[in-house]
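Let's take a walk through this one together, from its loops to its core. Have the sequence and the model side by side as you read.

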Amino acid sequence: MKTIETIMQEINQVMELVDEKELDQALPLFKKEKRIFVIGAGRSGFQAKGFAMRLMHIGYTDYVMGETITPSIQKGDTWVAISGSGTTKGIVADTEAAKKMGLDIIALTSDKDSPLAKLADKVIVVPGATKTGAGIKSVQLLSSLFDQTVHITLDALTLKLAQRDQTSNEDALHEHVNVE
């Protein structure tokens, strides 16, 4: 079997197991009048940044934790934490702090029983392989399968939000950078 074919089979296997109801259950925590904070470390951090950019394109006020322009979190904000294993110490600790401050917590992880998942108000399980061995096994290295499938899952969530909010492609294009 060819490498790309193998990767696509793995992605399809994981995406068949992502429960779209979990996405729907998270939708009410996203409101235009609420600020959204996203967090992830390493590869999951890259996925968090991509999701934050998409949220901005569809009209949300959102921030990436750790960036220099990120303001303080406040009760009533929404927190989106991404960790394949659900055990990344910094992500779990920061999510504990956000929960204590009264934020709505959404976790994306491959392990529904992880410490991160237990902190969340809404959990979206993306069971792709991670560096710790959680999730469906993969021929790919480290957390590649989780990264690929969490990206697709977050794109699906973004599309659901855009459809709910009646945000068109033209609206999103209006928010896209125009000096490049």
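Does L142 count as buried or exposed? Keep in mind as you look that this is a predicted model. L142 sits in the loop that runs between β5 (122-125) and α6. Its relative accessibility comes out at 54%, and since anything over 50% is called exposed, L142 counts as exposed. The backbone here deserves a glance too: L142 isn't a glycine, yet its phi is positive, at about 50°. For context, most residues other than glycine have a negative phi.

Now slide along to the loop between α6 and α7 (169-175), where you'll find Q166. Here again is a positive phi in a residue other than glycine, this time near 55°. Q166 is exposed as well, with a relative accessible area of 71%.

With those two loops in view, let's turn to α6 itself and ask what it packs against. Take α1 to begin with. The axes of α1 and α6 are 10 Å apart and make an angle of about 55°, so the two helices are oblique to each other. The crossing of α1 past α6 is right-handed. On the α1 side, the contact is built from I7, E10, I11, V14 and M15, while α6 brings L145, Q148, T149, I152 and T153. Sort the residues of this contact by character and you get six nonpolar, three polar and one charged.

Then there's α3. Its axis and that of α6 are also 10 Å apart, but here the angle is about 15°. That value is under 35 degrees, so α3 and α6 count as roughly parallel. This crossing is right-handed. From α3 come R43, S44, Q47, F51, R54 and L55, and they meet S144, F146, D147, V150, H151, L154, D155, L157, T158 and L161 of α6. The make-up of this contact is seven nonpolar residues, five polar and four charged.

What about the inside? In soluble globular proteins, nonpolar side chains tend to be buried together. In this model the largest nonpolar core has 32 residues, and F30, L108 and L157 are the ones with the most contacts inside it. Two or more residues apiece come from α1 (3-17), α2 (20-26), β1 (35-40), α3 (42-57), β3 (78-82), β4 (104-109) and α6 (144-165). The largest share, seven residues, is supplied by α6.

F30 is a good place to stand and look around this core. Setting aside its neighbours within four places in sequence, F30 touches I36, F51, L55, Y60, V80, I106, L157, L161 and R164. A separate core, of 14 residues, lies apart from the largest one, and its members include A81, I91, A98 and A107.

Step one residue along from F30 in the numbering and you reach K31, in the loop between α2 and β1. Is K31 buried, partly exposed or exposed? At 37% relative accessibility, K31 counts as partly exposed. The C-alpha atoms of K31 and L161 are separated by 9.3 Å, although their positions lie 130 residues apart along the chain.

Back to the second core, by way of A81. This residue lies in strand β3 and has a relative accessible area of 0%, so A81 is buried. Ten residues along the chain from A81 is I91, and the C-alpha atoms of the pair are 7.0 Å apart. Leaving out neighbours within four places in sequence, the contacts of A81 are I39, I91, T95, I106, A107, L108 and L116.

One of those partners, T95, belongs to helix α4 (residues 89-100). T95 is likewise buried, with a relative accessible area of 0%. Beyond its neighbours within four places in sequence, T95 is in contact with W79, A81, I105, L116 and L119.

Finally, stay in helix α4 and look at G90. With a relative accessible area of 39%, G90 is partly exposed. Its C-alpha atom and that of I73, 17 residues away along the chain, are separated by 16 Å.

Note on methods. Residues numbered from 1 in each chain as written. Predicted model: local features only at pLDDT ≥ 70, side-chain atom pairs only at ≥ 80, totals over all residues. Heavy atoms only, no water. Core = buried A, V, L, I, M, F, W, Y, C linked by side-chain atoms within 4.5 Å. Buried < 20%, exposed > 50% of the residue type's maximum accessible area, 1.4 Å probe, protein only. Helix = DSSP H or I, 4+ residues; strand = E, 2+ residues; numbered from the N terminus. Contact = heavy atoms within 4.5 Å. Axes fitted to C-alpha atoms, helices over the stretch in contact; angles between N-to-C directions. Parallel < 35°, antiparallel > 145°, perpendicular 65-115°, else oblique. Left-handed = near helix turned anticlockwise from the far one by under 90°. Nonpolar A, V, L, I, M, F, W, Y, C, P; charged D, E, K, R; others polar.
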